[in-house]
Amino acid sequence: MAGDVKYEIIEEVGVLSEGTKGWRKELNVISWNGANPKYDIRDWAPEKEKMGKGITLSRDEVKKLRDLLNQLSL
């Protein structure tokens, strides 16, 4: 099928939040369709049987995001 996406979670970095139904927003390092691993932020069902929409970032993009977040006064 053209819509099949294969992924391998290389590293589970951490959980950002957890919803009431057990879904967790996580930061992971994932290889999508056999490509080089990238950083990935998305929601996952409790047993990782389903995933929500997310964002995938290269190492350089993660560094830039870190720098931008460090500029914020939270």
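**Exercise 1. Which residue in S4 is the bridge partner of Trp44? Place the pair in the sheet.**

Solution. The model is predicted: local features need pLDDT of at least 70, side-chain atom pairs count only at pLDDT 80 or more, and totals for chains, interfaces and linings use all residues. Residues are numbered from 1 along each chain as its sequence is written, and side-chain values use heavy atoms, with hydrogens and water left out.

Step 1. Identify the strands. Helices (H or I, at least four residues) and strands (E, at least two) are DSSP runs, numbered from the N terminus. Trp44 belongs to strand S3 (residues 38-44), and strand S4 covers residues 51-57.

Step 2. Read the pairing. Two strands pair if DSSP finds at least two bridges between them. S3 and S4 run antiparallel and are joined by 5 bridges. The partner of Trp44 in S4 is Met51.

Step 3. Look at the connection. S3 and S4 form a hairpin with 6 residues between them, and Lys48 in the turn has a positive phi of about 60°.

**Exercise 2. Work out the strand order of the sheet and describe its edges.**

Solution.

Step 1. Take S1 and S2. They run antiparallel with 9 bridges between them, and Glu11 has Val29 as its bridge partner in S2. Their hairpin has 5 residues between the strands, and Gly22 takes a positive phi near 90° there.

Step 2. Take S2 and S3. These antiparallel strands are joined by 7 bridges. Glu26 is partnered by Arg42 in S3, and Asn28 stands opposite Asp40 in S3. The hairpin of S2 and S3 has 5 residues between the strands, with Asn33 in the turn at a positive phi of about 50°.

Step 3. Assemble the order. The result is an open sheet of 4 strands, S1-S2-S3-S4, with antiparallel pairing. S1 and S4 each have a single partner strand and stand at the edges, so one side of each is left without a neighbour in the sheet.

Step 4. Add the twist. With axes as lines fitted to C-alpha atoms (for helices over the stretch in contact) and angles running from 0 to 180 degrees between N-to-C directions, neighbouring strands of this sheet are turned by 25° against each other on average, direction ignored.

**Exercise 3. Describe the aromatic pairs and the burial of their residues.**

Solution.

Step 1. Apply the criterion. Rings of Phe, Tyr and Trp (its six-membered ring) pair if their centres lie within 6.5 Å; planes under 30 degrees apart count as stacked, over 60 as edge-to-face and the rest as tilted. The structure holds 2 such pairs.

Step 2. Classify Tyr7 and Trp32. Their ring centres are 5.6 Å apart and their planes at 45°, so the pair is tilted. Tyr7 lies in strand S1 (residues 7-18) and Trp32 in strand S2 (residues 24-32), 25 residues apart.

Step 3. Classify Tyr7 and Trp44. This pair is also tilted, at 5.4 Å centre to centre and 55° between the planes. It links S1 to S3 across 37 residues.

Step 4. Combine. Ring pairs link Tyr7, Trp32 and Trp44 into a cluster.

Step 5. Assign burial. Buried means under 20% relative accessible area, exposed over 50%, partly exposed in between (1.4 Å probe, protein chains only). Tyr7 is partly exposed at 33%, Trp32 is buried at 17%, and Trp44 is buried at 0%.

**Exercise 4. Which elements give two or more residues to the lining of the largest pocket?**

Solution.

Step 1. Place the helix. Helix H1 (residues 59-71) lies across S3 and S4, running at about 90° to S4.

Step 2. Define the space. On a 1 Å grid over the protein atoms alone, a pocket is an open set of points where a 1.4 Å probe fits, with protein on both sides within 12 Å along at least five of seven lines; lining residues have an atom within 4 Å of a point. Grid points are joined across faces, edges and corners, and a volume is the space filled by probe spheres set on the points. The largest pocket has a volume of about 160 Å³.

Step 3. Assign the lining. The residues include Leu16, Leu27, Tyr39, Ile41, Leu57, Val62 and Leu69. S3 and H1 are the elements that give two or more residues. H1 gives the most, with 4 residues.

Conventions
Contact means heavy atoms within 4.5 Å.
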